[in-house]
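Hi,

Here's the structure we talked about, with a few notes underneath. Have a look when you get a minute.

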Amino acid sequence: MNKLIIGNLKMNIISKIERDNYFKSFRESIRGKKFQNTSIILCPPIIHLEYFLKGIKNKNVSFGVQNIYWENSGAYTGEISSNMVKYIGAEFVVVGHSERRKYFNETNSEVNKKITAIFKNKLTPVMCIGESLAEREAGKTKKVITEQINKGLTEVSKANISKLVIAYEPIWSIGTSKISTGEKIMSVRILIQKIFADKFGLAIGKMPKILYGGSVNYKNIKEVCLEAGMDGVLVGGESLYPASFMKIVDVLEEEN
Ligand code: PGA
């Protein structure tokens, strides 16, 4: 099964010059490459999405956005709908990222509304879940993750659950260069699968893809993804440097 590698560019790439440089460097880094085992999904800031979509035509690269609002259209100043995202040609939507939960008070119930809307528009949600350091140290990882999954998917149909992508990102690992161990990541993966089996009766072959995120780079990718049995990774910081990002892909291609 192909590994997914998602590049979350967050609120970066500010000017046209930066955009053009990133774009050139990204195209350069995939030139001539044949990806056998990896699918790349790039989530640029929405303002650059169309430019990227038009310029990067590679069957192994698709596009996503970092957030949407759950209504399709209307008087919601400043918001973008999944319907708009679909029409412009992106396929994935990141939902419930810990930065959105922290800075924009995004709740599990809003995550549920967003995921429902994303599926209605036939896009793929990438649902981010994960515990804080305090929660981990207090032994609450299981409780937090169970709650995020249960409350974040209350209205999502069983048929759609298998199409979901889950990104397990321990919050303390995001942007900190601290990573969890392969063993611990694997144990959370098993926990997530158990929640899906218990709540939705999913068989192992029908499980959503489960990715790891948090300070992923080409040096730790073997441990956090391959050794931990994950289906891919969500990459923040390193995705801002196409050459480094592609080194992660190279390891996945070689080892997978
Ligand atoms: P990071 O970000 O790779 O910079 O830790 C990951 C994320 O926020 O998804």
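There are 12 salt bridges in the structure, counting a side-chain nitrogen of Lys or Arg within 4 Å of a carboxyl oxygen of Asp or Glu. One of them pairs Asp250 with Lys33, with the closest N and O atoms 2.9 Å apart. That pair links distant parts of the chain, 217 residues apart: Asp250 is in helix 11 (residues 242-255), and Lys33 is in the loop between helix 1 (16-30) and strand 2 (38-43).

Before the ligand, the fine print: this is a predicted model, where local features need pLDDT of at least 70 and side-chain atom pairs 80 or more, while totals for chains, interfaces and linings use all residues. Numbering runs from 1 along each chain as its sequence is written, and side-chain values use heavy atoms, leaving out hydrogens and water.

Now the ligand. It is surrounded by 13 residues (a heavy atom within 4 Å), and the closest are Lys10, His97, Glu169, Gly175 and Ser215. By class, the shell has three nonpolar, eight polar (Gly counts here) and two charged residues.

Backbone atoms reach ligand oxygens at 2.6 Å from Gly175, 2.7 Å from Ser215 and 2.8 Å from Gly237. Taken alone, the ligand exposes 280 Å², and the protein buries 95% of that (Shrake-Rupley, 1.4 Å probe).

Cheers

Note on methods. Polar contact = N/O pair within 3.5 Å; in protein donor to acceptor, adjacent residues only side chain to side chain. Helix = DSSP H or I, 4+ residues; strand = E, 2+ residues; numbered from the N terminus.
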